[in-house]
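Q: I would like a close look at a single part of this model, the surroundings of the ligand. Please take me through that site in one connected account.

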Amino acid sequence: MKLLGATRNEGKQAEIRRVLEPAGIEVIFPDQAGLWESPSEDALELADTFEGNARRKSQHFARLSGLPAVADDSGLEVFALGGAPGVRSRRWAGATGSSQAVDAANNAELLRRLLGAPEARRRARYRCVLVYLPETDAVPRVFEGVAPGRILEAPRGDHGFGYDPLFLSDELGRTFGEATSAEKDAVSHRGQALRALVDALRSPVP
Ligand code: IMP
């Protein structure tokens with residue numbers, strides 16, 4: 001089967017491929033489908049929940065591509081910051097430009113907000129909500145994954161993307177920036193949600 005992965009984030013694209021392709025699911029992304037980025041796409045992410053954003057992205061790209069679409073909306077929730085950056089994780093520091101520049105600005109903002117914060121105030125989790133839309137008018141199917149951890153005082157490792165070098169995974173005892181791809185996928189929010197999607201695609205609709 002062939003899916004449209006409704007994301008332009010290269011870090012997410014790599015993780016989606018790593019789980020779906022070994023399961024026999026071919027996935028292409030908007031550029032490969034000839035769907036070039038348009039300024040109106042930012043408006044797809046104005047919902048106040050991960051699920052709301054993922055629903056809008058899946059509908060948009062299923063309609064444009066004519067393919068079944070799977071959209072990921074995800075982010076980091078820091079408990080002492082009231083769940084921020086949450087749905088605003090990508091745009092948190094307001095930076096624009098390359099994904100590396102945006103990630104660097106967001107990580108600097110996270111360190112600044114938690115400067116001097118004791119261990120107990122550094123608890124966090126990543127959340128990922130995947131919405132799968134078999135066709136434009138179908139009922140969406142929703143899958144979720146959560147990865148618990150805490151935010152370090154300095155980055156460790158340069159794998160992954162986004163906040164990964166600052167996020168110490170409870171399960172791995174290492175940051176997602178230090179983890180190999182396979183280690184991250186085994187415990188990550190996105191790995192969990194993608195495996196749930198694979199299971200659902202293999203079983204008949206309930
Ligand atoms: P979205 O594209 O609007 O869903 O925003 C996702 C943002 O959340 C990314 O740009 C990162 O800042 C953050 N994020 C989500 N998942 C991860 C991850 O696995 N590692 C690092 N950062 C992540």
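Which element gives the largest share of the shell around the ligand?

A: In this predicted model, the largest share of the shell around the ligand comes from β3, which contributes four residues. The shell as a whole holds 18 residues, and those that come nearest to the ligand are K12, E45, Y126, D164 and K184. Sorted by class, the shell residues comprise nine charged, six polar and three nonpolar ones.

Several side chains of the site place polar atoms beside oxygen atoms of the ligand. For E45, which is among the residues that come nearest, an N or O atom of the side chain is 2.6 Å from a ligand oxygen. K184, also one of the nearest residues, has a side-chain N or O atom 2.8 Å from an oxygen atom of the ligand, while for D73 the separation between a polar side-chain atom and a ligand oxygen is 3.2 Å. On its own the ligand has 490 Å² of accessible area, and the protein covers 98% of that area. Two elements give two or more residues to the shell, namely β3, spanning 69-78, and α5, spanning 189-202.

The wider setting of the site is a pocket, since the space that the ligand takes is the largest pocket. This largest pocket has a volume of about 1,400 Å³, and its lining is made up of 48 residues, with R8, N9, E10, R90 and S99 lying nearest the pocket centre. Two or more lining residues come from each of α1 (10-20), α2 (50-65), β3, α3 (99-113) and α5, so that β3 and α5 appear both in this list and among the elements of the ligand shell. By class, the lining of the largest pocket divides into 18 charged, 17 polar and 13 nonpolar residues.

One backbone detail belongs with β3 and α3, for the loop between these two elements contains P85. Most peptide bonds are trans, but the bond from A84 to P85 is cis, with omega near 0°.

Conventions
Residues numbered from 1 in each chain as written. Predicted model: local features only at pLDDT ≥ 70, side-chain atom pairs only at ≥ 80, totals over all residues. Heavy atoms only, no water. Near = heavy atom within 4 Å. Polar contact = N/O pair within 3.5 Å; in protein donor to acceptor, adjacent residues only side chain to side chain. Areas by Shrake-Rupley, 256 points an atom, 1.4 Å probe, with all protein chains shown as cover. 1 Å grid on protein atoms, 1.4 Å probe; cavity = no way out; pocket = protein on both sides within 12 Å on 5 of 7 lines; lining within 4 Å. Sits in = over half its atoms within 2 Å of the grid points. Nonpolar A, V, L, I, M, F, W, Y, C, P; charged D, E, K, R; others polar. Points joined across faces, edges and corners; volume = space filled by probe spheres on them.
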